[in-house]
Amino acid sequence: VNMGTLVNCLLKRLEAAESVISNVTPAWAKETWESIVGEIDLFAPDVLIFANAREPTDRLLTTAARLSRTKPKVVMELPNLFPKVD
């Protein structure tokens, strides 16, 4: 399965559930959201930092941060995705 397809499916299932994780279906999608948000809540970071990959996973992480109880600030690093190679 393509990661982008999987992430888009998870985001659409959450949207259909009106951003209420307990209402997400099917069960695997609900469990995935619970796991991602649960990890953020477990570590309770003040700041969540990750590289902006310009991929659907960026939205997955920012959405999970928004849904977490701890509501960390999100910092997306701007990595050099297209380095010049000599």
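These are my notebook entries on a predicted model of one protein chain.

**Entry 1: the overall layout**

I began with the elements of the chain. I counted 3 helices and 2 strands. Reading along the sequence, I wrote down the order as α-α-β-α-β. I then looked up the extent of the C-alpha trace, which spans about 50 × 30 × 15 Å along its principal axes. The chain has 86 residues, and buried residues make up 29% of them.

**Entry 2: the two strands**

Next I turned to the strands. Strand β1 covers residues 47-51, and strand β2 covers residues 73-77. In which sense do β1 and β2 pair, and over how many bridges? I noted that they pair in the parallel sense, over 5 bridges. To place one strand against the other, I looked up V47 and found it opposite K73 in β2.

I also checked what links the strands. Helix α3, residues 56-67, joins with β1 and β2 to make a β-α-β unit, and I recorded this unit as right-handed.

**Entry 3: the side chains of β1**

Which side chains of β1 are buried? I went along the strand one residue at a time. L48 and F50 point to one face and are buried. V47, I49 and A51 point to the other face and are not buried. I added a general remark to the page: in a regular strand, side chains alternate between the two faces of the sheet. Strand β1 shows this alternation along residues 47-51.

**Entry 4: the loop between α3 and β2**

I looked up three residues of this loop. S68 lies in the loop between α3 and β2. Is S68 buried or exposed? Its relative accessibility is 0%, so I entered S68 as buried. I also found a contact for its side chain: a polar atom there lies 2.9 Å from the backbone oxygen of A65.

K71 lies in the loop between α3 and β2 as well. Its phi is positive, about 45°, although K71 is not a glycine.

The third residue I looked up is R69, which is also placed in the loop between α3 and β2. R69 has 70% relative accessibility, so I entered it as exposed.

**Entry 5: the salt bridge**

How many salt bridges does the count give? It comes to 1. The partners are D41 and R69, with their closest N and O atoms 3.9 Å apart. D41 sits in helix α2 and R69 in the loop between α3 and β2, so the pair ties together parts that are 28 residues apart in sequence. I then checked the cover of D41. Its relative accessible area is 14%, so D41 goes down as buried, whereas R69, at 70%, is exposed.

**Entry 6: the loop between α1 and α2**

Helix α1 runs over residues 3-16, and helix α2 over residues 27-43. I looked at two residues in the loop between them. E18 is placed in this loop. It has a positive phi of about 55° although it is not a glycine. Its relative accessibility is 68%, so I marked E18 as exposed.

P26 is found in the loop between α1 and α2 too. Which form does the peptide bond from T25 to P26 take, cis or trans? I noted it as cis, with omega near -5°.

**Entry 7: C9 and A29**

C9 lies in helix α1. Its relative accessible area is 29%, so C9 counts as partly exposed; the cut-offs that matter here are under 20% for buried and over 50% for exposed. I then looked up the separation of C9 and A29. They are 20 residues apart along the chain, and their C-alpha atoms are separated by 8.4 Å.

**Entry 8: a patch on the surface**

My last look was at the surface. Which residues make the nonpolar patch of about 450 Å²? I listed V1, M3, L6 and W28. Of these, I looked up V1 further. V1 is placed in the segment before α1. Its relative accessibility is 95%, so V1 is entered as exposed.

Conventions
Residues numbered from 1 in each chain as written. Predicted model: local features only at pLDDT ≥ 70, side-chain atom pairs only at ≥ 80, totals over all residues. Heavy atoms only, no water. Patch = residues over 30% accessible without salt bridge, like charges linked within 9 Å, V, L, I, M, F, W, Y side chains within 5 Å. Areas by Shrake-Rupley, 256 points an atom, 1.4 Å probe, with all protein chains shown as cover. Salt bridge = Lys/Arg side-chain N within 4 Å of Asp/Glu carboxyl O. Helix = DSSP H or I, 4+ residues; strand = E, 2+ residues; numbered from the N terminus. Buried < 20%, exposed > 50% of the residue type's maximum accessible area, 1.4 Å probe, protein only. Pairing = 2+ DSSP bridges. Right-handed = clockwise from strand over helix to strand, strands pointing away. Polar contact = N/O pair within 3.5 Å; in protein donor to acceptor, adjacent residues only side chain to side chain.
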